[in-house]
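Q: I'd like a close look at one part of this model, please. Take your time over it and tie the pieces together for me.

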Amino acid sequence: MNDLSAPSRITYGAVLVRPAVVRRIRGLSDKALAWLFITPTMVLLLAINIFPLIWTIYLSFTNYRANRPNAPVKWLGIDWYQTILTDPDIWAAMQVTAHFVFWTVVIETVLGFGLAFLIDKKFRGHGVWTTIILLPMMLSPAVVGNFWTFLYQPQIGLFNYVVAFLTGHPASSFQMLGDVTLSPWAIVIVDAWMWTPYVMLICLAGLRSIPDYIYEAAEVDRASKWRQFWSITLPMALPFIMLAVLFRGIENFKMFDMVNLLTGGGPGSTTEVASITLKRAAFESWRTGYSSAFAIILFVTVFGLANIYVKALNRVKSR
Amino acid sequence: MSIANTAHSVVEPSPNTRRLAGSLVVLYAVVTMIPLVWIVLTSFKSPDDAISYPPKIVFTPSLEGFCNLFTTRSRQTPEFIRTLGPPQGLCDDIARSRNMVVAGPSNYVPRFVNSLIIAFGSTVLAVALGTLSAYGFSRFRVPLKDDLLFFILSTRMMPPIAVAIPIYLMYRTIGLSDTRLGMILLYTSVNVSLAVWLLKGFIDEIPREYEEAAMIDGYTRFQAFVKVVLPQATTGIAATAIFCLIFAWNEYAFAVLLTSGNAQTAPPFIPIIIGEGGQDWPAVAAATTLFLVPIVVFTVLLRKHLLRGITFGAVRK
């Protein structure tokens with residue numbers, strides 16, 4: 001490709017004597033232009049992401065507290081990491097997170113794939129209905145969490161009313177957000193409401209990527225619809241489903257805003273997902289060193305998941 | 001289901017299948033819309049109607065929620081209110097019927113304005129940086145290209161709270177705490193990863209031959225970028241910008257931890273709207289409704305590009 005750009009290569013000296021900056025950029029070689037275009041983004045990411053990350057790593061080895069900036073800082077080595085990995089509260093938070101991630105991903109995948117399968121039947125008006133279904137995932141998770149607290153009000157909430165109407169249990173007999181057995185499910189329901197469309201959209205792309213001639217061949221071979229589903233539809237849509245699962249898994253592992261507004265981690269710590277534990281340690285107890293170490297542990301976990309995610313992503317792309 | 005009996009193509013679903021699929025999808029869509037419709041309805045209810053049991057579907061519309069959202073009110077004795085002149089507008093009228101007078105504007109408008117400034121500021125920056133980088137990655141041989149692209153994506157994978165701890169300390173040190181500029185820079189850094197990945201996909205689709213032809217005609221590489229590639233990439237740039245806007249508009253975790261009075265955006269503000277004796281639900285619903293309207297518009301505008309956006313450009317239709 002570079003041979004065709006030869007006319008743009010003007011010698012550097014000639015460029016430098018031109019006064020206008022724009023002219024200088026115009027005359028730059030491809031290589032210089034590539035760096036000129038990429039460097040600003042890199043500088044920003046280094047300043048706002050990488051430098052803070054390195055700072056966090058440093059803090060995680062110290063007893064620094066953000067609310068006592070002038071106190072002497074002591075080097076603690078890997079003490080915080082040992083404390084965290086043996087702390088039962090942290091493992092409890094990890095269990096809450098695992099419950100949340102597992103059930104949201106299962107429910108969203110089943111419902112999302114089901115919906116995509118139905119929409120792929122291309123009934124009349126499917127475009128409009130698809131757009132309507134997609135709305136919840138575009139909304140602010142914080143605002144969604146906040147208005148679901150209204151729907152979940154034990155006495156006046158619409159959710160309790162509908163459940164009471166359908167099951168006969170009085171609407172004031174249960175509290176979705178105040179009950180230790182119900183609240184972990186209350187956050188799963190809201191997340192599933194919000195993110196099922198996301199899985200649906202990716203699965204729909206998967207279903208639409210399957211060429212018609214494969215089904216035609218299957219019909220010629222007299223394969224039943226059931227058989228076609230299990231041997232063609234599902235395997236061929238699988239990379240897309242995997243992509244959706246991994247993405248939802250990573251996002252929900254980091255979940256903060258929606259849960260923070262719905263329950264704030266309560267009652268007790270029954271819905272205290274990892275990010276809420278981290279926020280409490282960092283911004284309420286001001287244990288900056290400790291929370292930095294926990295942040296690094298979470299980041300390494302997410303980074304590991306992200307690696308798998310990008311590999312899956314490339315596999316989907318190469319199809 | 002034999003082939004002979006189906007008049008249409010074998011891969012086309014039968015009319016009955018279509019009807020069944022259609023009704024199930026419509027059922028899901030209706031159920032999933034109930035919470036949103038309920039919030040919009042609640043924003044037009046009076047406080048008493050909003051918390052009535054059983055929930056009221058038919059009610060007399062009231063603008064009290066919107067009034068309470070935009071004003072602060074103070075309680076007064078009926079005798080005092082009688083000494084005042086005629087009510088100043090609709091909201092004052094409603095307030096007086098509850099033995100209150102409008103004391104001044106609320107903080108919602110400044111928060112909404114902050115949301116607008118921060119969302120647009122960070123979007124413009126992220127899209128500008130993203131377009132340049134995406135073009136660089138798309139057209140030039142950059143050393144370690146795949147590693148750099150993965151690095152850019154991985155910055156988006158960090159849990160926001162983990163990022164917020166050092167950012168909080170850094171901003172405190174350099175004086176960017178609770179400033180719009182600080183939030184714009186932070187949101188730009190989050191959005192630029194999406195912008196680079198999405199725009200690289202869009203620019204990859206523009207045939208290189210266009211630029212090469214332009215360069216044979218005497219354009220420099222930079223002129224070809226500005227005059228040939230940018231116009232071709234307009235749709236992609238617009239779609240990317242809307243995605244960045246939506247992220248910045250919706251963001252809560254950074255906003256609640258890093259801003260307080262000055263640069264606070266709407267999402268951390270809406271949940272703390274309280275009236276006398278607890279949460280003022282019609283006002284909260286009104287704030288939510290106003291906040292969600294732009295998102296609904298954007299979603300409709302974006303519907304063709306949604307898939308690309310949510311998968312970082314990995315899946316295209």
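Within what distance do the axes of H3(A) and helix H9 (residues 180-204) of chain B come, and at roughly what angle do they cross?

A: Happy to walk you through it. This is a predicted model, in which local features need pLDDT of at least 70 and side-chain atom pairs count only at pLDDT 80 or more, while totals for chains, interfaces and linings use all residues. Residues are numbered from 1 along each chain as its sequence is written, and chains are lettered from A and ligands numbered from 1 in the order in which they are written.

To your question: the axes of H3(A) and H9(B) come within 10 Å and cross at roughly 130°. Axes here are lines fitted to C-alpha atoms, for helices over the stretch in contact, and angles run from 0 to 180 degrees between N-to-C directions. H3(A) and H9(B) are therefore oblique to each other, a word kept for angles that are not under 35 degrees (roughly parallel), over 145 (roughly antiparallel) or 65 to 115 (roughly perpendicular). Their crossing is left-handed, the term used if the near helix is turned anticlockwise from the far one by less than a right angle, with clockwise giving right-handed.

Now for the residues that touch. From H3(A) come Thr41(A), Leu44(A), Leu45(A), Ile48(A) and Asn49(A), and they meet Leu185(B), Leu186(B), Thr188(B), Ser189(B), Val192(B) and Val196(B) in H9(B). Contact means that the C-beta atoms of two residues, placed from the backbone, lie within 7 Å. By class, the residues of this H3(A)-H9(B) contact are seven nonpolar, four polar and no charged. Nonpolar covers Ala, Val, Leu, Ile, Met, Phe, Trp, Tyr, Cys and Pro, charged covers Asp, Glu, Lys and Arg, and the others, Gly among them, are polar.

It helps to set this pair in the whole interface. In total, 87 residues of chain A are in contact with 91 residues of chain B. Helix H3 (residues 30-59) of chain A gives the largest share of chain A's side, 14 residues. That side has 61 nonpolar, 14 polar and twelve charged residues.

A second helix pair belongs in the picture. Helix H6 (residues 126-138) of chain A packs against helix H15 (residues 281-302) of chain B at an angle of about 130°, with their axes 10 Å apart. H6(A) and H15(B) are therefore oblique to each other, and H6(A) passes H15(B) in a right-handed crossing. Here Thr131(A), Leu134(A), Leu135(A) and Met138(A) meet Ile295(B), Val296(B), Thr299(B) and Val300(B). The residues of this contact divide into six nonpolar, two polar and no charged.

As for the chain that carries H3(A), chain A has 14 helices and zero strands. Helices (H or I, at least four residues) and strands (E, at least two) are DSSP runs, numbered from the N terminus. Of the 319 residues in chain A, 43% are buried, which calls for 20 or more other C-beta atoms within 10 Å of a residue's own, whereas 12 or fewer makes a residue exposed and a count in between partly exposed, with C-beta atoms placed from the backbone.

One loop residue of chain A rounds this off: Trp286(A), between H13 and helix H14 (288-317) of chain A, has a positive phi near 55° without being a glycine. With 14 C-beta neighbours inside 10 Å, Trp286(A) counts as partly exposed.
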